[in-house]
Amino acid sequence: MTDISKISVAPMMDWTDRHCRAFHRVMSRRARLYTEMVTTGAVIHGPRERLLGFSEAEHVVAVQLGGSDPKELAQAARICAEFGYDEINLNVGCPSDRVQNGRFGACLMQEPVLVGECVAAMKAAVSLPVTVKCRIGVDDQDTEEALNRLTDNVVAAGCDELTVHARKAWLKGLSPKENRDIPPLDYPRVYRLKAERPGLPMAINGGIKTWDEIREHLKHMDGVMLGRVAYHEPEILLAVDAELYGEEPPVADGFEAVEAYEPYIAEQLAKGERLSNITRHMLGLFTGRPGARAYRRHLATEAVKPGANLQTLRDAVAQVSRVAALEAAAE
């Protein structure tokens, strides 16, 4: 069984790329990080370094695969293992048109036997933990039966951990964006699954936004997977190490996080990366602080310009720290 992290950051398309993960790692040594979903075809035939490359500092980091062919998933898993990932995760939750056309993602909730075959093939191919992220059901499925059948099949295949997004996915009638909000959350359904299978490491995902909510979920579950809140308000990760592991956080606040992230940014800029491709993941920093809007505006307008560099970022941060300094002086 995998050594489950109490907190992880969900795989999110167009968001959790290597720059995002490197930034999140600055704020927590303990949170488990995930790649964006990458399809088996892309892993096998695409530009692997661009798709799969990551910094050693990102560990513990898992790769999420999208696919439904056991042989292709086994091949992709072997490639990812060679890249040095710590875990292989199978996507059984994404509801986009792309995954429906490709017969993977959430539509696999309707094919639990096939999902089990996919997990078994990957387990036979690699020595890493093989995990699954799923929904509680799709469309008109009965969530009791659908989730139980999927769980039974993946457990029989050797699945090391299950993460359940506590919503149905509606493949017909809702967009991917709507599927993140409109289907109602059903946390008790996930709690029941965990209670029925206490030996299976299990995390819960979906709509979790505060530390009070995290603490409540951890009374029932082994782990909590944060989604959009970790991206839009990344400073929530600053509490992970102290709150859950009794360890000093690597940095004290958002200002120190930027300073700690600067060497990574400098390294990427030296390789020819655009500043905006990195700082777009930092726009949520300082949320709620005076000056945060000016910080976001400066990065949004200046980081895209040719020649944008670390000073561009420092000038943006100054919009916040200047306000903080003035407030401190007034006290």
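**Close-up views of a predicted model**

**View 1. The loop before strand 3 holds a cis peptide bond.** Val-60 sits in the loop between helix 3 (48-52) and strand 3 (61-66). The bond joining His-59 to Val-60 is cis, with omega about 5°. As in every view here, the model is predicted.

**View 2. Helix 7 turns one face inward.** Helix 7 covers residues 143-156. At 1.5 Å a residue, its 14 residues should span 20 Å, and the end C-alpha atoms are 20 Å apart, which agrees. Its buried residues are Thr-143, Ala-146, Leu-147, Leu-150, Thr-151 and Val-154. Viewed down the helix axis, these residues fall within an arc of 120°, so they line one face. They pack against several elements, among them strand 4 (87-92), helix 6 (112-125) and helix 9 (187-196).

**View 3. The two ends of helix 7.** At the start, a side-chain oxygen of Asp-142 comes within 3.0 Å of the backbone nitrogen of Glu-144. After the helix comes Gly-158, with a positive phi near 105°.

**View 4. Asp-139 and Phe-286 have positive phi without being glycine.** Asp-139 has phi near 50°. Its place is the loop between strand 5 and helix 7. Asp-139 is buried, at 9% relative accessible area. Phe-286 has phi of about 70°. This residue lies in the loop between helix 14 (275-279) and helix 15 (292-302). Phe-286 is buried too, at 0% relative accessibility.

**View 5. A salt bridge joins Asp-17 and Arg-280.** The N to O distance is 3.3 Å. The partners are 263 residues apart: Asp-17 is in the loop between strand 1 (7-9) and helix 1 (18-27), and Arg-280 is in the loop between helix 14 and helix 15. Asp-17 is buried at 15% relative accessibility. Arg-280 is partly exposed at 34%.

**View 6. Arg-30 pairs with Glu-247.** This salt bridge has an N to O distance of 2.5 Å. Arg-30 is in the loop between helix 1 and strand 2 (32-39), and Glu-247 is in the loop between helix 12 (240-245) and helix 13 (254-270), so the pair ties together parts 217 residues apart in sequence. Arg-30 is partly exposed at 36% relative accessibility, as is Glu-247 at 26%.

**View 7. A salt bridge within helix 10.** Arg-215 and Asp-212 have their closest N and O atoms 2.8 Å apart. Both lie in helix 10 (residues 211-217), 3 residues apart, about one turn of the helix. Arg-215 is partly exposed at 36%, while Asp-212 is exposed at 59%.

Conventions:
Residues are numbered from 1 along each chain as its sequence is written. This is a predicted model: local features need pLDDT of at least 70, side-chain atom pairs count only at pLDDT 80 or more; totals for chains, interfaces and linings use all residues. Side-chain values use heavy atoms; hydrogens and water are left out. Helices (H or I, at least four residues) and strands (E, at least two) are DSSP runs, numbered from the N terminus. The expected span of a helix is 1.5 Å times one less than its number of residues. Buried means under 20% relative accessible area, exposed over 50%, partly exposed in between (1.4 Å probe, protein chains only). The arc is that of the directions from the helix axis to the C-beta atoms. Contact means heavy atoms within 4.5 Å. A polar contact is a pair of N or O atoms within 3.5 Å; within protein, one must be able to donate a hydrogen and the other to accept it, and residues adjacent in sequence count only if both atoms are side-chain atoms. A salt bridge is a side-chain nitrogen of Lys or Arg within 4 Å of a carboxyl oxygen of Asp or Glu.
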